[in-house]
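Reader: Hi! Could you take me on a close look at the cysteines here and at the nonpolar packing around them? I would love the cut-offs spelled out as you go.

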Amino acid sequence: MADCPQINNTTIIGTSAVSYDSTPLPCTGVNTCDDLNTILTKFDNVICSAVNSVNILSEDIMNITEDIMIITEDIENINNQIFICCPICDFTITATELPVCEFTATATELPICDFTGSVNEVLDCLFTVTANQLPDPTTTTTSSSSTSTSTSTSTSTSTSTSTSSSTTTSSTTPNPNNLITNNLYSSVTIEELSAGSCSIATSAPIAPGSTDLGDIGNCNSDISLLFSGVNPLEDHCMTLIINGIIIQEVTFNSDGTHTFTLTPSILSTDQVVIVVRDGVCLSGREGVVSTRSSPTDACPLAMPLACWVTGNADIVNGLIVYTDISMTTPFIYVGDGDFYHIQLNAYPNSHSAQIDSFGIIQTGVNLCP
């Protein structure tokens, strides 16, 4: 027995002198007649084994937690790929039957949509994906088009049966409200809008902070705007957009008439948008934008899509967002006026910004933390 001191003159009984006289204990391995030393040794082995098992379990739990985090990240990546790879086709018209959309494209281009249904008007298909080329939507519906110099043949949509050469387009009625004059982002007044002999109609004047609807069609003349209230020390930019493509931008800093001189022939079916904003015209600044929207705050959303933005400042209202460097494809993923997360490469901070169906940033612009 170890040399143990006495406590209060009490004689210490050695552990080897104490024996267990009950039934065996299966969990600890204690048997009848084991002395206390043997029993304590067996207890110590059981406790050490339990501590070791707890440590192993703790490590396993940490590994499982890490696996769950990796799986969660993989799920988020899959969701992002779904938004990028799977287009959403918005059919916004009334049709006699639903179109059948056959996605037969490879991963390097957008899918080809074969609309085999019979419809009453041309389909408006919004592809919300990024690809190396634009989709090739084809339909089996009957349509017709004409130019000012080509030989035209009558179709079911024309009242003429002549097959002779035609040099005028004045016989087609303009489509109401296909001219949108957006002066929301400018501090000047549009006194008048004219296009030579073209069929064009819009109310005047259009005050700063206002938008006006009008008609335009059968036009192959320059479009001019008469401005007033221009401060000669400030620059302003007017942008002509036809069917979502920027045709020309003109910077001006004086009252008077300023003209788009590169205007192509405009049919009555074309959508024409004129945006006037403060600041010089400058296109093609690169950035990134989210492919998902939020009704209030888009700052938490990922920004997987490259974009190019007009203007000469950080994200502000009135700028136009495009998804290609040539500025021909406006950002119209949803076009619901909700907020998208967007950042220009030249600026350190991102913004939660409202973007409408023309790709134009609205007044709701908030700096992200």
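Author: Happy to; what follows goes from the disulfide to the nonpolar cores and then to the surface. This is a predicted model, in which local features need pLDDT of at least 70 and side-chain atom pairs count only at pLDDT 80 or more, while totals for chains, interfaces and linings use all residues. Residues are numbered from 1 along each chain as its sequence is written, and side-chain values use heavy atoms, with hydrogens and water left out.

The structure holds one disulfide (a pair of cysteine sulfur atoms within 2.5 Å). Its partners are Cys 299 and Cys 368, with sulfur atoms 2.0 Å apart. The torsion about their S-S bond is about -90°, so the disulfide is left-handed. The pair links distant parts of the chain, 69 residues apart: Cys 299 sits in the loop between strand 12 (285–289) and strand 13 (305–309), and Cys 368 in the segment after strand 17 (361–367). Strands here are DSSP runs of E, at least two residues long, and helices are runs of H or I of at least four, numbered from the N terminus.

Both Cys 299 and Cys 368 are buried; buried means under 20% relative accessible area, exposed over 50%, and partly exposed in between, with a 1.4 Å probe and protein chains only. Cys 307 is also buried, with a relative accessible area of 0%, whereas Cys 33 counts as exposed because its relative accessibility is 59%. In the loop between strand 12 and strand 13 you will also find Thr 291, which counts as buried at 11% relative accessibility.

Now to the packing. A nonpolar core is a set of buried Ala, Val, Leu, Ile, Met, Phe, Trp, Tyr and Cys residues joined through side-chain atoms within 4.5 Å. The largest has 23 residues, and those with the most contacts inside it include Ile 223, Met 238 and Phe 260. Among the elements that give two or more residues to this core are strand 7 (223–228) and strand 8 (236–242). A second, separate core of 15 residues includes Cys 307, Ile 315, Tyr 333 and Ile 355. Back in the largest core, one of its residues is Met 238; beyond its neighbours within four places in sequence, Met 238 is in contact (heavy atoms within 4.5 Å) with residues including Leu 225, Phe 260 and Cys 281.

Finally, on the outside, Leu 25 is partly exposed, with a relative accessible area of 32%. Leu 25 lies in the segment before helix 1 (36–85).
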